Amino acid sequence: MRFVFGEFALDQATRQLLRAGQERHLEPKAFELLELLLIRRPEAVSKSKIQERLWPGTFVTESSLTRLVAQIRRALSDERRRSRFIRTVHGFGYAFSGAASTEPSGNIESTRHAFRVVWEERVISLRQGESVLGRDEDVAVHIDAPGVSRRHARIVVADDQATLEDLGSKNGTYLGDRRLESPALLRDGDNFCLGREPLVFRASPRAASTLTDTAGSRRRG
């Protein structure tokens, strides 16, 4: 089984945590903990239950569990005070708090279409789940341009559709000439902007092997 959440996927068969297709390292116990929280989501799992699962018949200090949680949060770029995925249940344990879906293991792309974003001369593939766009080097779609926020917007791919949503950016996200106030469905060839930075959304059948565009010539005035 494969769990998909945000821009991440955890594959039980290959025992990999992936972010936009790139592996993020987790030691075995940290992988097992994240797997457990995903399986039991959204319920909270007590520290005693976690310790029984990870260290059966062995005494370990609570600091061992705290270290694993910290490692998972680093791998997920998840801040404790503004957590997207791992919730601390004070005095009890931990819970997975994000939205997640499952798909057969090894099925990296379950949609009938390949979704891409074109920015200048770059063509960036989008995967199932959430892909954040912005200046932050850790986001799925890195757009290093003036006026683009660190976490500017996101595209969510689900049920063979893609939606665009602004993430409270300073300069706004535009679909055509309309500033987004709520998530909007994207269609092949749609032009959108992060602030004044133009991009193009492309959707093509998975059999297609090539994609060309001239997004670099399109800029908002």
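Which residues form one aromatic cluster with F85? The answer is F5, F8 and F96. The tour below works towards that cluster through the sheet and the helix that lies across it. The model is predicted.

**The sheet**

Start by selecting the five strands of the open sheet and colouring them in the order β4-β3-β2-β1-β8. The pairing in this sheet is antiparallel. At the edges are β4, residues 22-24, and β8, residues 101-103, each of which pairs on one side only. Looking along the sheet, neighbouring strands are turned by 30° against each other on average, direction ignored.

Next, restrict the view to β1 (residues 2-5) and β2 (residues 8-11). Four bridges join these two strands in the antiparallel sense. Show the side chains of F5 and F8: F5 stands opposite F8, which belongs to β2.

**The helix across the sheet**

Now add helix α1, residues 28-40. The helix lies across β1, β2 and β3 (16-19), and runs at about 105° to β2.

A distance check can be made here. With 13 residues at 1.5 Å a residue, α1 should span 18 Å; the C-alpha atoms at its ends are 18 Å apart, so the two values agree.

Colour α1 by accessibility. The buried residues in this helix are A30, F31, L33, L34, E35, L36, L37 and L38. Note that a glutamate, E35, is in that list.

**The aromatic pairs**

Hide the helix and display the aromatic rings. There are six aromatic pairs in the structure; two of them are visited here.

Select F8 and F85 first. Their rings are edge-to-face, with 5.9 Å centre to centre and 90° between the planes. F8 sits in strand β2 and F85 in the loop between α3 (62-75) and β6 (86-89), so that the pair links distant parts of the chain, 77 residues apart. Are these two residues buried or exposed? Both F8 and F85 are buried.

Keep F85 selected and add F96. This pair is stacked: the centres are 5.8 Å apart and the angle between the planes is 20°. Here too distant parts of the chain are linked, with F85 in the loop between α3 and β6 and F96 in strand β7 (residues 93-96), eleven residues apart. F96 is buried, as is F85.

**Last selection**

Finish by showing F5, F8, F85 and F96 together, the one cluster named at the start. F85 takes part in both pairs visited: edge-to-face with F8 and stacked with F96.

Conventions:
Residues are numbered from 1 along each chain as its sequence is written. This is a predicted model: local features need pLDDT of at least 70, side-chain atom pairs count only at pLDDT 80 or more; totals for chains, interfaces and linings use all residues. Side-chain values use heavy atoms; hydrogens and water are left out. The expected span of a helix is 1.5 Å times one less than its number of residues. Buried means under 20% relative accessible area, exposed over 50%, partly exposed in between (1.4 Å probe, protein chains only). Two strands pair if DSSP finds at least two bridges between them. Axes are lines fitted to C-alpha atoms, for helices over the stretch in contact, and angles run from 0 to 180 degrees between N-to-C directions. Contact means heavy atoms within 4.5 Å. Rings of Phe, Tyr and Trp (its six-membered ring) pair if their centres lie within 6.5 Å; planes under 30 degrees apart count as stacked, over 60 as edge-to-face and the rest as tilted.
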